[in-house]
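Colleague: I am new to this structure and would like a close look at a single part of it, the second of the two chains, with some words on how that part meets its partner. Could you take me through it slowly?

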Amino acid sequence: MSNVAVESMAAPAAQEQAATRSSLSRIPAAFKLQFTVPSQMIWVPLVVFFGAWGIAIGIGAWIRHVAGDGDIINTGASQATIWCLAFIAAYSASHTFPFSMALSYSRRVFVLGAFLAFATVSAGFGALFSIAILVERATDGFWAESYAFDLPFVTQNAGVLGAGILAGAVCLAAMMFGFFWSILYRRVSLVVLWVIVLALVALMAVTVMVLTQNDWWPHVWDWLAVQSSYSFAGWVLLLTLALTALNYLVIRRAVPTA
Amino acid sequence: MSTAIELKRVSRRYRSATALQDVSLRLEKDAIHGLLGRNGAGKTTLMSIATAQDWPSSGEVRILGQRPHENEQVLPKICFVREEQRYVDDALAKHAFSAAAQAFPRWDAELAAQLAREFRVPEKTRIKKMSRGQRSAVGVIIGIASRAEVTFFDEPYMGLDAVARQLFYDRLLEDYASHPRTVVISSHLIDEIAHLIENVVVIDQGQILLQEPVEQLRDRAVTLVGRADAVAEIAGTREVLHHEAMGRIVRTTMLGALDDSERQALIERDVEIVPVSLQQLIVRLTAREDASNQTTLNPSQEVAR
């Protein structure tokens with residue numbers, strides 16, 4: 001039973017008018033929230049960046065020492081930081097989001113703060129990526145023709161700057177993607193999560209089959225060939241903005257305890 | 001006095017359960033309210049909905065006159081640290097306090113530092129590695145130092161030892177006296193927070209059983225101890241909440257205050273009045289509400305049993 005009779009909602013006009021702060025005024029605080037523990041967004045990615053690079057340099061030098069002069073060695077070590085940041089973004093959804101609720105941020109402010117923080121970190125990654133390319137060029141791949149960043153498919157159309165912008169864009173997309181899966185897991189049951197995964201796999205399979213059946217792959221390769229790092233980064237950023245909007249729609253009804 | 005928290009016909013249904021059912025509630029501003037109930041009664045759900053961490057399936061919520069969901073006008077005025085709050089991974093207590101300082105406009109860093117010393121919160125231990133009590137202390141400190149206009153504490157004593165619990169009660173009262181605000185404390189240690197709270201809300205199975213000022217609630221019942229026939233005579237037709245018989249001596253808790261003539265009769269018949277503890281009263285009232293067939297016991301039958 002409910003023995004408390006409530007005749008009308010008390011909404012005094014004075015209370016309604018009292019608040020005048022901007023609804024976005026706490027975005028800087030939500031941005032800083034992501035950097036509350038500096039190891040999370042700064043030190044760990046830096047350790048991974050230089051650690052993976054160092055390992056790749058070591059492997060390249062070793063191969064060159066064993067095999068002698070030969071083909072240029074291209075490695076995928078530059079991806080390590082992107083994967084690391086994708087996981088850190090997922091952590092942000094699983095750990096920082098519940099804390100942001102205790103700090104009474106609206107979900108909108110939290111997502112915008114997270115997006116700006118991820119964009120800042122991604123920009124930093126893009127800048128480091130460009131610097132790493134210059135270092136590799138200056139040293140001829142650390143005197144072993146071994147490259148982790150100066151990769152032809154990244155730099156050939158737009159040079160060092162374009163490569164950095166593309167790397168930053170891909171990093172931001174990866175972070176929003178990691179954030180998305182973590183927040184989706186919080187929002188839906190495990191069964192629904194896997195149904196969504198399977199549905200996406202099925203969608204991709206159907207796309208591949210349609211392209212193959214209609215013999216459209218040459219068009220796809222042609223389209224990819226005319227893209228520069230700049231235009232490709234633009235497409236990735238468009239995808240990222242769509243992911244950010246999707247993230248907000250998912251988090252809007254997510255509960256911090258789930 | 002104006003209203004700080006208002007719920008109107010709020011229900012929260014999950015697939016297999018109903019956590020809140022048609023709850024209407026109005027809590028006054030600048031008072032300490034106790035939200036009492038058994039485990040699973042709906043206390044945390046109610047607080048989650050009031051703070052926009054969760055949302056109602058139906059009904060309306062207003063905090064300080066505004067809907068809280070996604071409302072940055074009112075959210076900075078609310079603080080709700082959960083019983084098992086998650087923090088940023090690898091965070092130390094100072095990280096949590098620094099984040100809270102950014103979020104709450106009325107945050108008092110000096111008070112937070114003082115409370116951290118008093119609660120002996122370790123400075124160099126990650127929150128996730130702290131003991132349950134230390135983690136609770138971090139939440140309690142955020143709740144008090146935030147000075148949020150509407151502050152919720154969800155069973156804040158979990159894991160705290162007796163000294164730390166008393167410290168929490170003392171510091172909360174001190175700070176409340178100097179900075180009045182609306183505080184809601186959920187608990188099932190009713191007697192422990194009885195001296196703290198001004199208003200009681202009892203929730204059970206997702207429904208509000210009662211909402212009353214503490215003093216008014218205490219006046220609703222008395223416990224009489226004495227000879228069975230004398231107690232039965234004074235009790236008359238009053239509703240008996242609880243009855244214990246120890247040979248010829250009985251202890252009966254019943255609803256209704258005593259008038260002067262009845263008090264005189266108590267003295268004449270050597271019947272003693274024992275104060276009813278808030279916990280006892282709420283447990284009895286809750287049990288009564290739970291009973292599907294509420295009956296007013298005939299005291300003579302009860303005594304004879």
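Modeller: What follows is a walk through chain B, then its meeting with chain A, and at the end a few places in chain A itself. Please keep in mind throughout that this is a predicted model.

To begin with the whole chain, the C-alpha trace of chain B spans about 65 × 40 × 35 Å along its principal axes, and the chain holds 11 helices and 13 strands. Of its 305 residues, 46% count as buried. Among the contacts in chain B with a separation of 6 or more, 69% join residues that are 24 or more positions apart.

The domain assignment splits chain B into domain 1, residues 3-213, and domain 2, residues 219-304, and the centres of these two domains, taken over C-alpha atoms, are separated by 36 Å. Where they meet, 8 residues of domain 1 of chain B are in contact with 8 residues of domain 2 of chain B. On the domain 1 side, α6 (190-193), β8 (199-204) and β9 of chain B each supply at least two residues, and by class that side is made up of 6 nonpolar, no polar and 2 charged residues.

Within chain B, a pair of helices deserves a slower look. Helix α3 (residues 109-118) and helix α4 (residues 132-145) of chain B pack at an angle of about 150 degrees, and their axes are 9 Å apart. Because angles over 145 degrees count as roughly antiparallel, α3(B) is roughly antiparallel to α4(B). The crossing of α3(B) and α4(B) is right-handed. From α3(B) the contact draws on L111(B), A112(B), L115(B) and A116(B), while α4(B) brings I141(B), I144(B) and A145(B). The contact of these two helices has 7 nonpolar residues, with no polar and no charged ones.

Two places in the backbone of chain B also call for attention. A52(B), found in the loop between α1 (43-50) and β4 of chain B, has a phi near 70 degrees, which is a positive value in a residue other than glycine. A52(B) is buried, because 22 other C-beta atoms lie within 10 Å and the cut-off for a buried residue is 20 or more. The other place is D270(B), which comes just after α9(B) and takes a positive phi of about 60 degrees. Helix α9 (residues 260-268) of chain B is itself hardly covered, since the count of buried residues among its 9 residues is 0.

Turning to the partner, 47 residues of chain B are in contact with 40 residues of chain A. On the side of chain B that touches chain A, at least two residues each are supplied by β1 (3-13), β2 (18-28), β4 (58-63), β5 (78-81), α2 (93-103) and β9 (207-213) of chain B. Of the elements of chain B, α2(B) gives the most to this side, with 6 residues. By class, the side of chain B that touches chain A has 19 nonpolar, 15 polar and 13 charged residues. The strand β9(B) thus appears twice in this account, as it supplies at least two residues to the side that touches chain A and at least two to the side of domain 1 that touches domain 2 of chain B.

For comparison, a short look at chain A may help. Chain A is divided into domain 1 (25-187 + 230-251) and domain 2 (191-226), and 25 Å separate the centres of these domains, taken over C-alpha atoms. Helix α5(A) and helix α11 (residues 229-251) of chain A pack at an angle of about 145 degrees, with their axes 10 Å apart, and their crossing is right-handed. In this contact R107(A), R108(A), V111(A) and F115(A) of α5(A) meet T244(A), N247(A), Y248(A) and I251(A) of α11(A), and these residues divide into 4 nonpolar, 2 polar and 2 charged.

L112(A) also lies in helix α5 (residues 107-138) of chain A. Leaving aside residues up to four places away in sequence, L112(A) touches I27(A) and A30(A). L112(A) and A30(A) are 82 residues apart in sequence, yet 7.8 Å apart in space, C-alpha to C-alpha. L112(A) counts as partly exposed, with 19 C-beta neighbours inside 10 Å.

Key. Residues numbered from 1 in each chain as written. Chains lettered and ligands numbered in written order. Predicted model: local features only at pLDDT ≥ 70, side-chain atom pairs only at ≥ 80, totals over all residues. Contact = placed C-beta atoms within 7 Å. Helix = DSSP H or I, 4+ residues; strand = E, 2+ residues; numbered from the N terminus. Nonpolar A, V, L, I, M, F, W, Y, C, P; charged D, E, K, R; others polar. Domains from an automatic or database assignment. Buried ≥ 20, exposed ≤ 12 C-beta atoms within 10 Å, placed from the backbone. Axes fitted to C-alpha atoms, helices over the stretch in contact; angles between N-to-C directions. Parallel < 35°, antiparallel > 145°, perpendicular 65-115°, else oblique. Left-handed = near helix turned anticlockwise from the far one by under 90°.
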